[in-house]
Amino acid sequence: MNDNNSRGCCGVLPAMAPLANPYVPWQPQGQAQYAAKTGLIRGTLFPCLDLPFLDMVNSEEKSDTMLHQLQALGFAVQELGLYLDTHEDDAEAAELFRQYAELYEAGIKQYTQDNGPMFQKQAYQNGRYSWNETPWPWEYRANQEG
Amino acid sequence: MFVYEKKLQYPVKIAATNPRLASVIISQYGGPDGELGASLRYLSQRYSMPYPELRGLLTDIGTEELGHLEMVGAIVHQLTRDLSENQIKADGFAQYFVDHTAGVFPTAASGFPWSAASMQVKGDPIADLTEDLAAEQKARVTYDNILRLSDDPDVNDVIKFLREREIVHFQRFGEALQRLRERLDQKNVYYMNPSFDMS
């Protein structure tokens, strides 16, 4: 508890709480955030929610391939989206969401140009239908570097 | 509607095959606390969930769980690439192999096929969100247990990510319950079912 306090990680419980109800402390606005790349390997953007099992943590960030960058940006959009679903009045988080979403959109455009379609609607490229020319994401080779 | 995005939420790159480990991890594909049940639970609870932001949260978490289903499928698929004769006979995998070869089938590690009986849509928002809190905890423990059973760093890298997502989802579902509760009768939040009596 003290440790949580010193990290600024405490949540807020309602002052008047009806009985016979489950309560999860409310995550206050303005808590620290990881950068997107760190957030991806930790599985959350919020250090306060980063609660590993037996100190097993991913410490090595993913390499800077286009795909990894997209995965980090896409993750940041998704994570902030869930946060904003319950905290839509957090203007700072909404602004960050806007920035990550913009970077993500630009990244998708670049990736599609260099690597092939991410969505089927982008599959007409270089005069032909190219949806099936790149490996599917679950294949080992789709996750290889470079 | 749903549109496919041709990438995984998080990279899955398993260098060493290990069918024994695959036959344990398959439980997060089609076991009682796995990702298939998670996605169907949330995406089905949406219809009777009152209030737009709660519907949104179920949609968004349910969609993310579909992405996790794909990641767990990718782990199982990559752990069972290019198997040798000895590997298919390995303890724990032969029983899976005889029915599914190296395909990915939604089943619990025990061999019990995926069942909708492992999830619920009660049509009452307090009951459904409380179920969702429990579901996230059960999935977290399954990932804890996989981390105990696996010493493959490529697998554990992904499992740690998936496990942490359960904790974040638990937090959001808890906040959703609070958002719901604030709209109910503070003297008796069980006075009626807001998804049935207020529509």
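Here is a short walk through this structure, starting with chain A and ending at one residue of chain B. Keep in mind as you look around that this is a predicted model.

Let's begin with how chain A is put together. Chain A has four helices and two strands. If you follow the chain along its sequence, you meet them in the order α-α-α-α-β-β, so to speak, with the helices written ahead of the strands.

Now step back and take in the overall outline of chain A. Its C-alpha trace spans about 65 × 35 × 30 Å along the principal axes. The radius of gyration of chain A is 19 Å, whereas a compact globule of 146 residues would have one near 15 Å. As for what is tucked inside, 25% of the 146 residues of chain A count as buried. You can also ask how far along the sequence the contacts reach: taking the contacts in chain A with a separation of 6 or more, 40% are between residues 24 or more positions apart.

Next, zoom in on a pair of helices, H3(A) and H4(A). Helix H4 of chain A covers residues 91–115, and H3(A) packs against H4(A) at an angle of about 150°, with the two axes 9 Å apart. An angle over 145 degrees counts as roughly antiparallel, and that is why H3(A) and H4(A) are described as roughly antiparallel to each other. Their crossing is left-handed. The residues of the contact of H3(A) with H4(A) divide into 18 nonpolar, six polar and one charged.

H3(A) turns up again when you look at where the two chains meet. Here, 39 residues of chain A are in contact with 47 residues of chain B. On the chain A side, helix H2 (36–42) and helix H3 (66–86) each supply at least two of the residues that touch chain B. H3(A) gives the most to that side, with ten residues. Sort the residues of this side of chain A by character, and you get 21 nonpolar, 13 polar and five charged.

Finally, hop across to chain B and find Thr130(B). This residue sits in helix H7 of chain B, which runs over residues 125–149. Is Thr130(B) buried or exposed? Somewhere in between: Thr130(B) has 17 C-beta neighbours inside 10 Å, so it counts as partly exposed. From Thr130(B) you can also look over to Phe170(B), 40 residues apart from it along the chain; the C-alpha atoms of these two residues are separated by 9.9 Å.

Terms used. Residues numbered from 1 in each chain as written. Chains lettered and ligands numbered in written order. Predicted model: local features only at pLDDT ≥ 70, side-chain atom pairs only at ≥ 80, totals over all residues. Rg over C-alpha atoms; globule rule 2.2 N^0.38 Å. Buried ≥ 20, exposed ≤ 12 C-beta atoms within 10 Å, placed from the backbone. Contact = placed C-beta atoms within 7 Å. Nonpolar A, V, L, I, M, F, W, Y, C, P; charged D, E, K, R; others polar. Axes fitted to C-alpha atoms, helices over the stretch in contact; angles between N-to-C directions. Parallel < 35°, antiparallel > 145°, perpendicular 65-115°, else oblique. Left-handed = near helix turned anticlockwise from the far one by under 90°.
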